[in-house]
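Here are some notes on the structure shown below, set out as numbered points. They go from chain A as a whole to its parts and then to its neighbours.

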Amino acid sequence: MARDDVKTGYKLIGTRPNRPDGLDKVTGRARYGADFSLPGMLWAAVVRSPHAHARIVKIDASKALALEGVKAVVTRADLPTGLTGEDLNLQDNTLAGDRALYDGHAVAAVAATSQLLAQDAARLIEVEYEVLPHVTDVDAAIAPDAPVIRPGVADYSVPEGMHGNVARYMEFGHGDVEAGFAAADVVREHTYRTEATHQGYIEPHAAVGQLGEDGRGEMWVCTQGHWYIRRMSAAVLGIEAANLRVTPSEIGGGFGGKTTIFMEPLTLALSKKAGGRPVKLVMSRSEVLRATGPTASASMDVKIGMKKDGTITAGQVYFRMQGGAFPGMSPIGEALPCAFACYDIPALKHEGIEIITNRPKAAAYRAPGSPMAAFAVESMIDELCRELNLDPIEVRLKNGAKNGSKSSYGPVYDVIGLQETLQAARAHPNYSIPLGPNQGRGVASGFWFNHGGETSVSLAIGEDGTATVSVGTPDIGGSRASIGLMVAEHLGIPYENVRVNVVETGALGVNEPTHGSRATFASGKAAIEAANQAIREMCRRAAAEWGIEPEAVEWRDGAAHPAGPNAGKHPPMTIGEIGAKMGSTGGPISGHHEVTAGGYGASFGTHVVDVEVDPETGRTTVLRYLVVQDAGTAIHPAYVEGQYQGGAAQGIGWALNEEYIYGPDGRLQNPVFLDYRIPVASDLPMIDTVIIEVPNPGHPYGVRGVGETGITPPLPAIASAIAGATGVRIRSLPCSPPKVLAAIKAAKG
Amino acid sequence: MSKIHVTATVNGDPVEFLADPRETLLDALRNHLDLTGTKEGCGTGDCGACSVTVDGTLVCSCLMLAAEANGKRVETIEGMAKEELHPLQRKFIEHAALQCGFCTPGILVAAKALLERNPDPTDTEIRYWLAGNLCRCTGYDKIVRAVQDAAAEMRQDHRGAA
Amino acid sequence: MARVHLWASLRRFAEGQEVVEVEAATVGQMLDALVKAHPGLAPAVAAGLSVAVDGEVIANNRAAPVKPDSEVYLLQRLKGG
């Protein structure tokens, strides 16, 4: 697995030092979104639609405003008009316009001197609704009799004749699928469904905002990307981005759900109306579940042809995905290219549509689209493997993508690690443990593109030879530790001598959020370039002291050394010595790098799971779980394992328990953690991990993003393990006990 | 509605505050006493992020009214480290048993309560004890390992001291 | 000339062509040339596209280089979690 052209033999990379924010987080000192308070601060509450679809006839806030201590109410009438495109969608979601589009849609907000008073006042705001027909199910929304909920929503891509709730259409592929199916020994075709799930971060959205009548303001907010918060909030409120300073708090989980705005601009709008007093708004859990996130629900037709020897001859999918009441939010554009991304198949056809429903505006969720696509395609491949009595790993090794394979979505893969993950999964002891009665084993692979994106990083050398790194990507899972390790390795100084800070919007150029598995990759890559710039300057300072050319100085082990035949003999000048003198040798030494980072390597993983299904109740117990994934280079292996384990746990929740349940009235029926059941400690076994390292040529230390792929394989792997245990195939997630039990009973006749 | 005068002991310190009768202990800790280490994840007793002990009993502070704390001894995450970190706190850092860290205060308080009752728990006992503390980041693997390692160290120290 | 592969449902905006050859040194020039040759593609480009140039996926960078013999694939704008 090692490559000759990639540097190895690191001093720090690959070690497991304590994370710099660990102490604050185990003592309760770390400050999250709801932990900020300011003098004179007000509290806000939001009035939300109880209807899935309704015209807003009248809003009367007079009783609320009459309460002593109530300082401001905002409705859509307080926001600027004339917005278009996604800015208008964001504004429509922040506060409903003439229509509430889903259960939980914000209609008004109020600020008062205490949280309880704000909640009391919100209950006194009277909203008159005219209830309109609604639809929440992805397939029901394109039935002929379904109400068209947003006329004119279709974009350029939708051919004429499609249902009025279709917003987007896409088709791509290669080869002759009909000839491929004709060449197969077995062709199977089924429909698979996944329900919407929520990112489920434990920290609800929270922000403190302050906006003066001069249009200048500040916000403290939990977010994956504070420049996105700034741009979107400024657009919704019609203020200038530069006049809004946004400082990110520590973030209590995001998983894609904190890459956009929901209620954040309301703190600013209320503050301005309340004479510039700061306003705090913290969502309740039911507000989080009703009105933020979630991911799409999907209905997916899959057809695959296979020869008796396991060769896949052709594949075809038609995906229907709904991303709520707003266009452009379903991950159809990601799900389709992910569907067969793990394979090299001669003929493929992908088609898909995005559908509008009366559900909340979907947000990104960990590898958006890929888990649903994997559930459909990997389940179908497992069904064919079982029918033809083939080993699922052998079939994947045979058909799996390799270096130089043409991907299912067009371009050719460079250096990828799918085959290595399959080989390691096959060799792992978990793959040969004998299974008992009612037990089954499932295998699936998964893919994510990864991402680079807009990145701006600064690095400054201290007077004592330490280094401060300023990044714009909030640290969710240990990225300050991994970036610190890379910078320390690069500068040749101890890890403890590097401090990485996540800084506010005024301190750096625009950064994209921590999304797309990019923080360690992109901020790390930019930090290394910033370090290179500082190293060049430090070499120049040493050269000037020594009276030689800068080119005759090289940097290693935290010091400038004379190099080359004419450099002369000088003792090394350490970073500490250079830092101590920098004021008198030309001034502060820093480095800075800005880039839209490319070169992120694609990410692949393979999971193996064993389950036992109780035939009396249909309850599935996960007995053991193995994640094998390519990390490129694992900078801090403990946090790479953490990403693998956390992704797997979320995927297991999606497979077994989690789902948005809407009633016939279009209201979300399970907006609390008791009923929206994410995995608890007693639901899970230890999650075994194997880190494969196929270095990414696009990063100086070979890093690939590791955050997202891990959520993808559990959906099909669990369903396939259940099929092994029970003989019945669940093609509609979640594999909840009643559904599994009903399937077992139906199979028995 | 008139407010209720509450006196209590929090992390060994005497405190007093005026509580709205509807206010929870969690709200009082966070908003009256500035002890923001205790977190609200759900407000319905499902996630455990607000775990504290009251007279030694592990409770969700979001399910207890602030007025009920009158005369009680409350321990929160802020009181866990004395001169040094509690072994659980140290082992959570060493084992990378936290990612975002939001659930961590509640899990540490709950795990401490477990080890005070059961110094040598099995993995299963740890998992069932912590089943009321949701973590969305870690998959619990490293949390269980950190609790086991801390328990082993505490047993060692206890034997050493005896 | 770089060869730009259109996904199937885009081809109806480019007289059914699967591959459009354009003269371009950057992704930005490539997109501009595409729209100039086939104005029907303008809404797709305006909606936001990711591209893959010789295997490397470029989410959003008009300055990324395109070589005369590059194979370019258009993709929908990719989001990440």
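1. Helices here are DSSP runs of H or I with at least four residues, and strands are runs of E with at least two, numbered from the N terminus. On that count, chain A holds 18 helices and 26 strands. The model is a predicted one.

2. Overall dimensions of chain A. The C-alpha trace extends over about 90 × 75 × 50 Å along its principal axes. The radius of gyration is 27 Å, which agrees with the value near 27 Å for a compact globule of 749 residues. Burial applies to 62% of the 749 residues of chain A. When contacts between residues at least 6 apart in sequence are taken, 80% of them in chain A link residues at least 24 apart.

3. Domains. The assignment splits off domain 1 of chain A as 22-29 + 452-597 and domain 2 of chain A as 369-450 + 601-748. Their C-alpha centres are 38 Å apart. The contact between them involves 14 residues of domain 1 of chain A and 17 residues of domain 2 of chain A. On the domain 1 side, α13 (479-491) and α14 (519-546) of chain A are the elements that give two or more residues. The largest share there, 5 residues, is from α14(A). By class, this side of domain 1 of chain A has 5 nonpolar, 7 polar and 2 charged residues.

4. A residue in α13. Which helix of chain A contains A:L491? A:L491 belongs to α13 of chain A. There are 26 other C-beta atoms within 10 Å of A:L491, and 20 or more is the criterion for burial, so A:L491 is buried. Leaving out residues up to four places away in sequence, A:L491 touches A:A467, A:A531, A:G558 and A:I575. As for A:D35, which is 456 residues from A:L491 along the chain, the two C-alpha atoms are separated by 36 Å.

5. Helix α6. This helix of chain A covers residues 226-237, 12 residues in total, and reaches 16 Å from its first C-alpha to its last, close to the 16 Å expected at 1.5 Å a residue. Is α6(A) enclosed by the rest of the structure or left open? Of its 12 residues, 11 are buried, so α6(A) is largely enclosed by the rest of the structure. The buried residues of α6(A) include A:H226, A:W227, A:Y228 and A:R230, and further along A:M232, A:A235 and A:L237 are among them as well. The cover over the buried residues of α6(A) includes two helices, α3 (85-94) and α7 (264-273), and two strands, β10 (217-221) and β11 (244-248), of chain A. After α6(A) comes A:G238, with a positive phi near 70 degrees.

6. A three-stranded sheet. In chain A, an open sheet of 3 strands is ordered β4-β2-β6, and the pairing is antiparallel. Why do β4 (99-100) and β6 (126-131) of chain A each have one side without a neighbour in the sheet? Both stand at the edges with a single partner strand each, so one side of each is left without a neighbour in the sheet. Strand β2 (residues 54-60) of chain A is joined to β4(A) by 2 bridges and runs antiparallel to it. Across this pairing, A:R55 is opposite A:R99 of β4(A).

7. Contact of chains A and B. Of the 2 pairs of chains in contact, A and B share the most contacts. Chain A puts 44 residues into this contact and chain B puts in 42 residues. On the chain A side, the elements with two or more residues are α1 (22-27) and α16 (637-656) of chain A. The most comes from α16(A), with 7 residues. This side of chain A divides into 23 nonpolar, 14 polar and 7 charged residues.

8. Contact of chains A and C. Here 36 residues are from chain A and 24 residues from chain C. In chain A, β7 (166-174) and α9 (332-339) each supply at least two residues, and β7(A) gives the most, with 5 residues. The chain A side consists of 16 nonpolar, 13 polar and 7 charged residues.

9. Chains B and C. These two chains do not touch, and their nearest C-alpha atoms are 14 Å apart.

Methods
Residues are numbered from 1 along each chain as its sequence is written. Chains are lettered from A and ligands numbered from 1 in the order in which they are written. This is a predicted model: local features need pLDDT of at least 70, side-chain atom pairs count only at pLDDT 80 or more; totals for chains, interfaces and linings use all residues. Two residues are in contact if their C-beta atoms, placed from the backbone, lie within 7 Å. Ala, Val, Leu, Ile, Met, Phe, Trp, Tyr, Cys and Pro count as nonpolar, Asp, Glu, Lys and Arg as charged, and the others, Gly among them, as polar. Two strands pair if DSSP finds at least two bridges between them. The radius of gyration is taken over C-alpha atoms; the globule rule is 2.2 Å times the number of residues to the power 0.38. Domain bounds come from an automatic or database domain assignment. The expected span of a helix is 1.5 Å times one less than its number of residues.
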